[in-house]
Amino acid sequence: MVTVPIQAAGDIPVAREAEFARLTGIVEALTSGQGAVVEITGEPGIGKTCLAAALTELAARHGLPVARARAVRGNTSPYQVFRDAWHMRQGFPQRPEGPEEPFDNMYDQPAEWAAGGVLLLDDIHLCEPESAKLIVRLVRSVVAAPFVLALVHRPRESRPELLEALEDGLRAGTVSRIEPGPLDADAAALLLDDWGVSGNPAAPETAGLRQFTDQLHAAAGGNPRYLRLLVAAGWHPDHWPDHPGNDTDGLLREARPLIAELDALTPEAAVTAAAAAVLGCPFRPEDVAHVSELGLERTLDALAELERADLVRSADWGGRLSFRHRVIGHVVHETTVLSFRLRAHRRAMQLITERGGRARDRARHAEHLLGTDSGTAVHVLSQGAAEIVTRAPATAARWLSQALESLPEGGTDSGHRTTMELACCSALIAAGQLKEARARAHEVLADRHAGLTGAQRLQAHTVCATAERLLGRYEEAAAFVSAALALLPRPLPDPLPSEAAELVIEYGLVHALRGTYAQARTLLHDASRARSDADSATCAALRVLTAFCDTYLGRLDEAGPEITRCARLVDSLPDTVAGHTPEALAFLGTAELYLERYADAIRHLSRGLGAVGGGAQRHILMHHFLGLSMAEQWTGRLDASVQRAGEAEALARSLGTPNAVTLAQAMRVLALMWSRGRQYAPEAIALAEQAARNTPVGHDWWTTSATGLLAQTRLLAGDPAGCLRTLLDGGGGEQLPLVQPTLRPSQLALMATATLTCGDRDTARGLIGAAEADAARLGLPVQEACVRRARALLHMADGEHDAAAKLFELAAENFRRADMPVQYAWTLAIGSRSACAAHGPATALRQLDAAETAARTYGALLVEEQVAARRAELTQHQPVVDSLALLSTREREIAELAASGMRTREIAERLFLSPRTVETHLFRVYRKLDVSSRLALSGILRPSR
């Protein structure tokens, strides 16, 4: 149970600083003798009363008298709100006349007895006619004695004459309107933190809290009152909008003011509201008439009353209506008499059935009828769960659990019960409720009386393996899959049953995440080539996983074309089908990352987020966020990469997957290292060490993927020794045998760079040779670029600047073509020293300019710092560099002859060269010395002649 605290009197309402500042100005003006009419207006629950309380507190701090009253719904006594304000006034001078005397002539007295103070009237949309007329007069009149008249109201329920007077005053400048709008996500997060929203059982404990509060903010539409109601109800994103939460008592306790509004309705309006709540938003008047049994005409009259009370509003142009917020419908539903509610749900379900509606729409009513018509309700809930399991697995799991609880124990149809149990387990897995799914699946396999068929046994093993895999228990998952595979004949049956295809997919997934792809390859290929009874989504997932396996193993001749075909196949599937087996999009996008098809990878991974939908399939969402974080980091979108990594980390923590947490942290810290620069280095090293300590023992896909990221972070942060340790520990030794083949060249190049930085050129040379052999076999441009850059660094260390500059240039161009701007800029920056030595300072400066432009465009502060350091180094040493030292022996010889006045042909004849060769050498001389003519060349080489 969550209790939402009440704001202390006088506190500035959260995110209402601007409104509070305006109120402060109005009160200060009153102390100088300047009165005002203040209108505080807006949606119900938006915070008008809190601002009114702040106004009275401000007045009290300034020593101003205050009279405050609230109009009451249903009151008929004339001037009651003014009488209440008179009796509740504080700080006004006492008058000798009796308490009723000021009201003998109400049209003159309020301005007089409120002079010099604040008269605040709340909920004036509820005023009786006499008070309303007096308020209009006060708004329109100019009184001699100044005071602040503050009016709080809901514009949709206020009288037309009051709205007109306020609008006229606004235009004339005599009325100040304060209209608080919905809170933004940051303000809502702050408000929820003040309320202690982490006490909500649905709220994550760590990194996922902001995501939860953002979802809660969206559900409430930024309205503080609706936030309070949803928090009190124990709101959970997986069940919204069908349910406000699991704490009905908390909801009703917080909703007492709203319930009072509902109690004021006429009986027919109350019945109509209850029928609408049963139908859910949006609803049609004719359906409400059917469910309420009032008939259309009486229903329309009742809906008009609800509209006047601003409980019901138009939902769209199609004539449908809705409650002004869904939580109001839930409050109405929970306060409706049980007997009417059950009959109304039965009528609503029958109406949908007669219209040929979907099972999922009928199921929303069936779950309320389990105690009155269990047989029909169980059937409908089972069908409805099958329809929504992909998009709303938590709801599907709830429906199936409710249906299973209603089935009699020891029934004759045990097979149907087992099918529902397995479906429930699958839905629980998709909803991220892994431990419950695992426990139920184990019970199914252990139940000797279940009488499992062969297909059900395969399904049960698959579900158990899936739950174990997602909990990071790969050995147990592999054992379940192996036990089930032993039940399949060899060769595989033709056609392959759908449950067998799903088992093979799980087998491949287990080995994929264990990093033991080679063990799964043969069976995956056999299954993907076989005919299958499985649906198109399952067949596509099997093909994608097989191609992903080949990609991971570096068999690109086969994998590359097959990934292209798989992409076309998946692109042809609608989202609802593609989302049925969302692993297909996740592994397709990841395979495209390894094949350096970044645009395709981002497209498929982003589509996967939409196909999975909402908060469903958390483990799949985690894969998509991880893939997108990596793709966005490689393509220079550093801020997006950090955000995606944070979302992946939150999901991994909520799922209890520590190795995935490590990978997400590694992605995040590397992106931050690029974007924050050297100042972040100590924190980056500390986080890398922490991530390494928290990594579970063993080597799997997660840990080996994180290894390279953490090692690169250490190197960029100035810790080459730590980079080497990370690679050796995580990669399995000097040749990194545990690193996946498609990334091994770049990882070997990273190790070589760290080794070279530590001063060991011979070991670095050997590592670069191994990396070059692997890169040549793969033929992936980015891998080749990483290796070329490492070889260029080795040449630079050896003083071979001509060779180094050429390789740096080739590597940078590869990165540019691959749409990797940060790597492109970094390569130009670190290669500028060799560019200067080989081609002169002008060329080096041009490279640094290009690197700086790219770094600033993509927010890579680390690259900008490197550019600044190299530019300073170049500028500092350029004046003392001997110009001739930049030239090779042949270039110096040709330069001397050209400076002496010899023509190109004459130089060629003397040196036995072709004129073209002489011109080429002269071009390089000009570039190195930053000159453009022979005259300038002579000035450098023969300054004293």
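A residue counts as exposed when its relative accessible area is over 50%, and as buried when that area is under 20%. In this predicted model, Glu-293 has a relative accessible area of 56% and is therefore exposed. The backbone at Glu-293 also deserves a look, since phi there is positive, about 65 degrees, although the residue is not a glycine. Glu-293 sits in the loop between helix 13 and helix 14 (296-308). A second non-glycine residue with a positive phi is Leu-736, where the value is near 50 degrees. Leu-736 belongs to the loop between helix 36 (720-731) and helix 37 (744-757). With 0% relative accessibility, Leu-736 is on the buried side of the cut-off.

Two cis peptide bonds can be described next. One joins Cys-281 and Pro-282, with omega about -10 degrees. Pro-282 is placed in the loop between helix 12 (267-279) and helix 13 (285-292). Another cis peptide bond links Asp-494 to Pro-495, with omega about 0 degrees. Pro-495 is part of the loop that runs between helix 23 (474-485) and helix 24.

Helix 24 itself (residues 498-514) offers a simple check on geometry. At 1.5 Å a residue, its 17 residues should span 24 Å, and the end C-alpha atoms are indeed 24 Å apart, so expectation and model agree. Of these 17 residues, 15 are buried, which means that helix 24 is largely enclosed by the rest of the structure. Just after helix 24 comes Gly-515, with a positive phi of about 80 degrees. Leu-513 is among the residues touched by His-623, together with Ala-586 and Trp-702, when residues up to four places away in sequence are not counted. His-623 is found in helix 31 (residues 618-634). Its relative accessible area is 12%, and because buried means under 20%, His-623 is buried.

Asp-600 gives a different kind of reference point. This residue lies in helix 30 (residues 598-612). At 29% relative accessibility, Asp-600 is partly exposed, because the value falls between the 20% and 50% cut-offs. Asp-600 and Leu-251 are separated by 349 residues in sequence, and their C-alpha atoms are 46 Å apart in space.

The strands come next. Five of them build an open sheet with parallel pairing, in the order 2-3-4-1-5. Strand 2 (66-70) and strand 5 (175-178) stand at the edges; each has a single partner strand, so one side of each lacks a neighbour in the sheet. From one strand to the next, the twist averages 15 degrees. At one end of the order, strand 1 (residues 36-41) and strand 5 run parallel and are joined by four bridges. Here Glu-39 stands opposite Arg-177 in strand 5.

Two helices lie across these strands. Helix 5 (residues 129-140) crosses strand 1, strand 3 (118-122), strand 4 (148-153) and strand 5, and runs at about 130 degrees to strand 4. Helix 6 (residues 160-172) lies across strand 1, strand 4 and strand 5, with an angle of about 105 degrees to strand 5.

Helix-to-helix packing can be followed in two pairs. In one pair, helix 33 (residues 658-676) and helix 34 (residues 681-694) have axes 10 Å apart and pack at an angle of about 170 degrees. Angles over 145 degrees count as roughly antiparallel, so helix 33 is roughly antiparallel to helix 34. From helix 33, Thr-662, Gln-665, Val-669 and Met-673 meet Ala-681, Ala-684, Leu-687, Ala-691 and Asn-694 of helix 34. By class, this contact has six nonpolar and three polar residues, with no charged residues.

In the other pair, the axes of helix 45 (residues 889-899) and helix 47 (residues 915-929) come within 9 Å and cross at roughly 90 degrees. Helix 45 is therefore roughly perpendicular to helix 47. Helix 45 contributes Arg-890, Glu-891, Ile-894, Ala-895 and Ala-898 to the contact, while helix 47 contributes Val-918, His-921, Leu-922, Arg-924, Val-925 and Lys-928. The spacing of such contact residues can be read against helix geometry: an α-helix has 3.6 residues a turn, so residues three or four places apart point the same way. By class, the contact of helix 45 with helix 47 comprises six nonpolar, one polar and four charged residues.

Key:
Residues numbered from 1 in each chain as written. Predicted model: local features only at pLDDT ≥ 70, side-chain atom pairs only at ≥ 80, totals over all residues. Heavy atoms only, no water. Axes fitted to C-alpha atoms, helices over the stretch in contact; angles between N-to-C directions. Parallel < 35°, antiparallel > 145°, perpendicular 65-115°, else oblique. Contact = heavy atoms within 4.5 Å. Nonpolar A, V, L, I, M, F, W, Y, C, P; charged D, E, K, R; others polar. Buried < 20%, exposed > 50% of the residue type's maximum accessible area, 1.4 Å probe, protein only. Expected span 1.5 Å × (residues − 1). Pairing = 2+ DSSP bridges.
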